[in-house]
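Student: Can you walk me through this one? I'd like to start with a helix and then get to the packing.

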Amino acid sequence: MFNGILITKDDAGYRAQVQPIDEAVLSEGDVTVSVEWSTLNYKDGLAITGKAPVVRRFPMVPGIDLAGTVIASSNPAWQAGDRVLLNGWGVGETHCGGLAELARVKGEWLVALPGTFTARQAMAIGTAGYTAMLCVLALEKHGIQPDDGEILVTGANGGVGSVAIALLAKLGYQVVASTGRVSEAEHLKALGAAEVIDRQVLAAPGKPIGKERWAGVIDTVGSHTLANACATTRYRGAVAACGLAGGMDFPATVAPFILRGVTLYGIDSVMALLAVRQEAWARLAQDIDIVRLDRITREIGLPEAVEVAAQLLDGKVRGRVVVDVQGGRPPL
Ligand code: NDP
């Protein structure tokens, strides 16, 4: 038995609670990991609260991210003692995830923990930070340079947004942060934002095309925000869309794409190829400012994770949350 969050769904309803879990609950896999740190992402909030049908199998251990040490492996790529991390692949949705002391996963899903990071730091980055890096890479590969102009980041106080600001600022870009919490403007500026705007500016239905402003955009919000961001992106600019915190719809026209040559990149972290993940993590190891990362990271234990998951969906959490899965006990 080991400790973790277990989500169950039966006649009594949908519940997520910390409890002892039998190893038989774990999913199939060729590598067993002693999980030291996990984290809470938007999707974990949906899974734990049941607000969207993210979990597809019950009982389920939530947690789309994990970092820890291999304790058993029949996969030739990994041996007991290897330090590893995992993001996505349906873990925490269809395959038992990281918010428990033990995880059994497929070896091909694992990435070696970069030597520059502790397991806790890797989880402070987590799927949110790795997705932010995928967005930054999309803009870079499009050819956008720091002196091309302003980069808009929406959902700025969230996990993806916060890490995106920190990364872009470190790389020398001028970042404009869009947020519903303008009271946090000083915090966003300390992270690296040059300017902070109220998200209402982008949230209302807008024109098919507007005044050109952004050289690039990282959007975590979707809906009118994404449509307005595309409509105000400069000629040959690019928009990396990764989120739907404001809605899944995309009420836009083709005007920005056919009149300004704007490119819209879809960013998916969950099923990204291993080579893409390795590139993103290598760049994170090089480009993330650990001091800034620490500034946006809050640490909790497993018992608090259920409550904080609901706060995350209510937009009350700033930055990143790491979960100390073993709670200071000796690792399994
Ligand atoms: P967080 O909950 O940490 O942040 C989301 C932020 O979005 C909030 O902090 C808030 O920022 C803003 N927001 C919330 N509600 C609204 C709203 N109704 N209208 C406009 N803005 C809103 O989530 P993450 O940063 O972890 O994830 C952000 C999005 O990216 C989510 O939709 C998530 O599902 C998606 N995602 C996608 C991935 C992929 O692979 N494509 C991977 C990871 C995340 P503020 O207070 O600053 O306004």
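Tutor: Here is a short run through one helix, the nonpolar cores and one threonine.

Tutor: This is a predicted model, where local features need pLDDT of at least 70, side-chain atom pairs count only at pLDDT 80 or more, and totals for chains, interfaces and linings use all residues. Residues are numbered from 1 along each chain as its sequence is written, and side-chain values use heavy atoms, with hydrogens and water left out.

Student: OK, α10. How many residues does α10 have, and what span does it reach?

Tutor: α10 covers residues 302-313, so named because helices (H or I, at least four residues) and strands (E, at least two) are DSSP runs numbered from the N terminus. It has 12 residues and reaches 18 Å from first C-alpha to last, close to the expected 16 Å. The expected span is 1.5 Å times one less than the number of residues.

Student: Which residues in α10 are buried?

Tutor: Leu-302, Ala-305, Val-308, Ala-309, Leu-312 and Leu-313. Buried means under 20% relative accessible area, exposed over 50%, partly exposed in between (1.4 Å probe, protein chains only).

Student: Why do they line one face?

Tutor: Down the axis of α10, the buried residues fall within an arc of 130°, so they line one face. The arc is taken over directions from the helix axis to the C-beta atoms. In general, an α-helix has 3.6 residues a turn, so residues three or four places apart point the same way.

Student: What sits on the face turned away?

Tutor: The exposed residues Pro-303 and Glu-307.

Student: And what covers the buried residues of α10?

Tutor: The cover includes β1, β2, β3, α1, β14 and β15. Contact means heavy atoms within 4.5 Å.

Student: Switching topic. How many residues are in the largest nonpolar core?

Tutor: That core has 53 residues, and Ile-165, Trp-281 and Leu-284 have the most contacts inside it. A nonpolar core is a set of buried Ala, Val, Leu, Ile, Met, Phe, Trp, Tyr and Cys residues joined through side-chain atoms within 4.5 Å. The largest share of this core, 15 residues, comes from α2.

Student: What does Trp-281 touch?

Tutor: Its contacts include Leu-85, Val-111, Phe-117 and Tyr-130, not counting residues up to four places away in sequence.

Student: Last one: Thr-179. Buried or exposed?

Tutor: Thr-179 is buried, with a relative accessible area of 3%. It lies in strand β9. A polar atom of the Thr-179 side chain lies 2.9 Å from the backbone nitrogen of Arg-181.

How values were computed: Polar contact = N/O pair within 3.5 Å; in protein donor to acceptor, adjacent residues only side chain to side chain.
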